[in-house]
There are 2 protein chains.
Amino acid sequence: MKIVIVGGVAGGATAAARIRRLDEQAQIIVFERSGYVSYANCGLPYYIGDVITDPEALTLQTPESFFKRFRVTMKVHHEVTALHPEKKTVSVKNLTTGEVFEESYDKLILSPGAKPTQPKLPGIDMEKVFTLRTVEDTFRLKKYIETKKPTSAVLAGGGFIGLELAENLKDLGIDVTIVQRPKQLMNPFDADMASFIHNEMRKHGVKLLLGHTVEGFEEKGETIRVLLKDEQPLHADLVALAIGVTPDTHLAKEAGLQLGIKDSIVVNDRMETSIPDIYAAGDAVMVKHYVTGQDALISLAGPANKQGRIIADNICGGDSHYLGSQGSSVIKVFDLTAATTGINETNARKAGLDVDTVILSPMNHAGYYPGGKVMTMKVVFEKNTYRLLGAQIVGYEGVDKRIDVLSTAIHANLKATSLQDLDLAYAPPYSSAKDPVNMAGFMIDNIANGVLKQWHLSDLTSVLQDSNATLIDVRTISEYEHSHIEGFKNIPVDELRDHLSEIEKDKPVYVICQSGLRSYIATRILSQNGYDAYNFAGGFRFYEAVMHDRSLVEKETACGMDL
Amino acid sequence: MKIVIVGGVAGGATAAARIRRLDEQAQIIVFERSGYVSYANCGLPYYIGDVITDPEALTLQTPESFFKRFRVTMKVHHEVTALHPEKKTVSVKNLTTGEVFEESYDKLILSPGAKPTQPKLPGIDMEKVFTLRTVEDTFRLKKYIETKKPTSAVLAGGGFIGLELAENLKDLGIDVTIVQRPKQLMNPFDADMASFIHNEMRKHGVKLLLGHTVEGFEEKGETIRVLLKDEQPLHADLVALAIGVTPDTHLAKEAGLQLGIKDSIVVNDRMETSIPDIYAAGDAVMVKHYVTGQDALISLAGPANKQGRIIADNICGGDSHYLGSQGSSVIKVFDLTAATTGINETNARKAGLDVDTVILSPMNHAGYYPGGKVMTMKVVFEKNTYRLLGAQIVGYEGVDKRIDVLSTAIHANLKATSLQDLDLAYAPPYSSAKDPVNMAGFMIDNIANGVLKQWHLSDLTSVLQDSNATLIDVRTISEYEHSHIEGFKNIPVDELRDHLSEIEKDKPVYVICQSGLRSYIATRILSQNGYDAYNFAGGFRFYEAVMHDRSLVEKETACGMDL
């Protein structure tokens, strides 16, 4: 059996190695357009910032090492230029010699990945407008930084790569501005949770221009002018595009394979394309979202690797199935860790789901053990069914742990109320006897049992305007005096029972505290005394972080940011 | 409704607070024998070692703060001396005044906890023989250390408290010896995994005397002689008992409540005892093990808190059920983190289960990102059904994360093969595209599909004695020359295909490498060339760690350890 693989990174490299482990006799040829195979895509930004200093660390395998161990022929600098399913061959161009040849296959695996999205803007092809997708891109940017010593950079786009690159450039002492049309970075997160990311970026000196539109690029001496819509341009020594990625599927398209969203390759759960004996994996394929069941594009390394393995199994006589992508992801944003799994509230509502959320601020470990830090956790679930839909967490240590526990719970179709039952490992340096995930479960269980009624940040305007509502802040006097929402009256929770007579019985009571715990206790006291009481999800600290960010997003302009 | 609670720590305090949140009118009285309520049991060893320096940090709540917030009457220094279910009262002794009185209840909650196991040994009641269960115990030991400045300590017993205390004493510059009859510390772990804990303890200068029996204690001037069976005694300035705990259930026993293992209180899944209107929670109750379904004693804070909450729900008209304990736990052992969930291999075999295991040594995060460290993971599953039974991990960062993912998978009844499908969050600082838990799943999937056949450390003797077996070490020449198992021939994996003619076809081939990955590839090459090949679970690094420990356990004697 002869297997040809287009693309030698994540999915392609995994498939090649796995096929060899399953079939010692198969002939396996991988064509890779770049000069590198099986490289550490996700490590590239960290090479820019000298966090990873050895370039060889990025290239996990070489064609030589791959051949020695797996007898896989990895042909780098070879671009597949056409697929010929009818005769089961591909056309290949040797980019070094220019030679063009045809290679036959019994099974073909497409793992072409995705390419940086490049909107048709004037000047986008300039040499100083960088992207960061391949090892070559990375070396080129690195060399530019080392030789030209830029002191300022504009990044267009703020997704994973944009944020990681911003941090790494900043760590090199380069002034960084992120500009993009959407008003929030990191769209896997809801806008409220993204505020914590924005605040962290600003805290570390990254300038944000959110809701601003790039219209083009112009060289001006040694610097580049980044043209903005209705604003004066930005100037920088270097520009990087990180707007997102687009499936790199022109070969599949030309060969007549069925395509989906953004021309991604349609596959079934065995990773088979619409044409027999052609499989596809990675950023180029359309997957089912595990939570919504809808078609989705999810460009992440984990799914790509799993898909490569599944293809290998199926080619070698097995019957493996890809169950769908859940979009679990995590990113380091300076000192912060931000992680998500499943779908966020915004997308859940877009999908027509009737959702509710809990927002909590637990410590990563026992409060009495030194070094504990607060995280902000948002869990999204379906009303009535309590189906767990997704979660987002921003914080420090222990964020990645809780998102993986929640990912596993979603994968296993646990109900949101079941999070309270998870038997998680506790010792003071690692967690609390009631783990943050258990706490989320307790809160959701309280909602299910009618013990907890909430109001959300999105209700704030209507609550403030409701002349029939009583608004109470149950923090201490000093907390309240330090900062509070205008319109809220201060009654510390421990004194609430003594002040019930001051609260009108027939009005709904909206309660807030710092994190949501004391106000929950307050709503319980109120409810049992006949009040219709609602607890503010997330507490004042959540309100404050989001409002702080929103006011800055509106204020930040290109004006004054110029060199 | 009047609720009386016996014991104001974990389960009792949780129940009290939750009842108040559910019922503003209930009368709630807690009797606590010690002077402290709702204290941080698990933090006590860290107060000894000055990791936690503020004693108030240990006492999360005071009777005053509890009353202010929850209107719960917490009576400390009050010991309940008898239960009278027939008249629904308890006898209480005010330990300060000596006054004895009766208190009536509508509902009674028993949360008496457990007491340190104290075998009837001569001298065990001496003042210098410490235990560490209550805040008072802790202050007493702390004061002794501060005033007497002991330079040596003998700890009898090596469970959670013993190990945490050993580390904290050592950090104070005190010479520590742990002595106990069992040949391994931390019995939730299999002996092989415990070896990593032993090695870490020794690396940090803690002396271990495992398999040695303490027969008594004698004062000798300022020091204590710890008498050992068939050996010369140890001498130390301080002795601590940490042999384990026993349910503190004499009240329940005298009142005729049904008792189970070690006189623990029998409860149903609503946490109701055998007598109406009496509930029990925490270390004093017998639970169902979530994995085996068998009765078990599991003394951990997480379950105690959950049970307290369930009792509150049920007393207040709800219907909450405790699903059983899974024994998830984690401990910091100097630089190491050791964690476990479910049952270990030893206990699974004792329970008559037909088990298999995989042992792997993944990095906590991408190898190319700085700071990555290797962990050792053992996953236990049932043969044929692939039911996930348990897991143990020792390593550094990220151990607690993976055990919680595995805990969640066990709770959700996921199959061991399904671990490969988990969609876990990946970025270089946090994980690998194939997370360690996924890797375990891949290995188990390979076993299920006949792609991986293993041999284990327990097979070593028979493998070495099998004159019909071929033994191959596929590491590099330099690794092999550095250290190897006598009898294994070195053929580096990348050269294996060229040396097949040297390996006899009709003999089973047992293969080893450093971590198990290269040897797996070697077994695949061999299998497909007609050999019956087996991969060594855990690799040479596992073999070396366990063997190093076992040889020391046999050598370590009291001789030479004397002052």
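Me: What makes β11-β18-β12-β13-β14 of chain B an open sheet?

Reply: In this predicted model, those five strands sit in that order with parallel pairing. A strand here is a DSSP run of E, at least two residues long (helices are H or I, at least four), numbered from the N terminus. At the edges stand β11 (129-130) and β14 (207-210) of chain B, each with a single partner strand, so one side of each has no neighbour in the sheet.

Me: How do you know that β13(B) and β14(B) really pair?

Reply: The rule asks DSSP to find at least two bridges between two strands. Strand β13 (residues 175-180) of chain B has four with β14(B), in the parallel sense, so by that rule they pair. Opposite B:Val179 you'll find B:Leu209 in β14(B). Helix α6 (residues 160-171) of chain B lies across β12 (152-156), β13 and β18 (238-241) of that chain, at about 160° to β13(B).

Me: Any fine print on the model?

Reply: Residues count from 1 along each chain as its sequence is written, while chains are lettered from A and ligands numbered from 1 in the order written. As the model is predicted, local features need pLDDT of at least 70 and side-chain atom pairs 80 or more, though totals for chains, interfaces and linings use all residues, and side-chain values use heavy atoms, without hydrogens and water.

Me: What makes B:Asp494 and A:Arg69 a salt bridge?

Reply: The cut-off is a side-chain nitrogen of Lys or Arg within 4 Å of a carboxyl oxygen of Asp or Glu. For B:Asp494 and A:Arg69 the closest N and O atoms are 2.9 Å apart, so the pair qualifies. Between chain B and chain A the count is twelve salt bridges.

Me: How much area do chain B and chain A bury between them?

Reply: About 7,300 Å², with 56% of it on carbon and sulfur atoms; that's accessible area (1.4 Å probe) lost on being put together, summed over both parts. On chain B's side, B:Arg69, B:Tyr368 and B:Asp423 lose the most, together 11% of what that side buries. Contact (heavy atoms within 4.5 Å) involves 82 residues of chain B and 82 of chain A.

Me: Which strands stand at the edges of the sheet β15-β16-β17 in chain A?

Reply: That open, three-stranded sheet has antiparallel pairing. Its edges are β15 (214-220) and β17 (234-236) of chain A, each with a single partner strand, so one side of each lacks a neighbour in the sheet. From one strand to the next the twist averages 25°, where angles run from 0 to 180 degrees between N-to-C directions of axes fitted to C-alpha atoms, for helices over the stretch in contact. Strand β16 (residues 223-228) of chain A joins β17(A) through three bridges, and A:Ile224 has A:Ala236 as its bridge partner in β17(A).

Note on methods. Buried area = accessible area lost by both parts, 1.4 Å probe.
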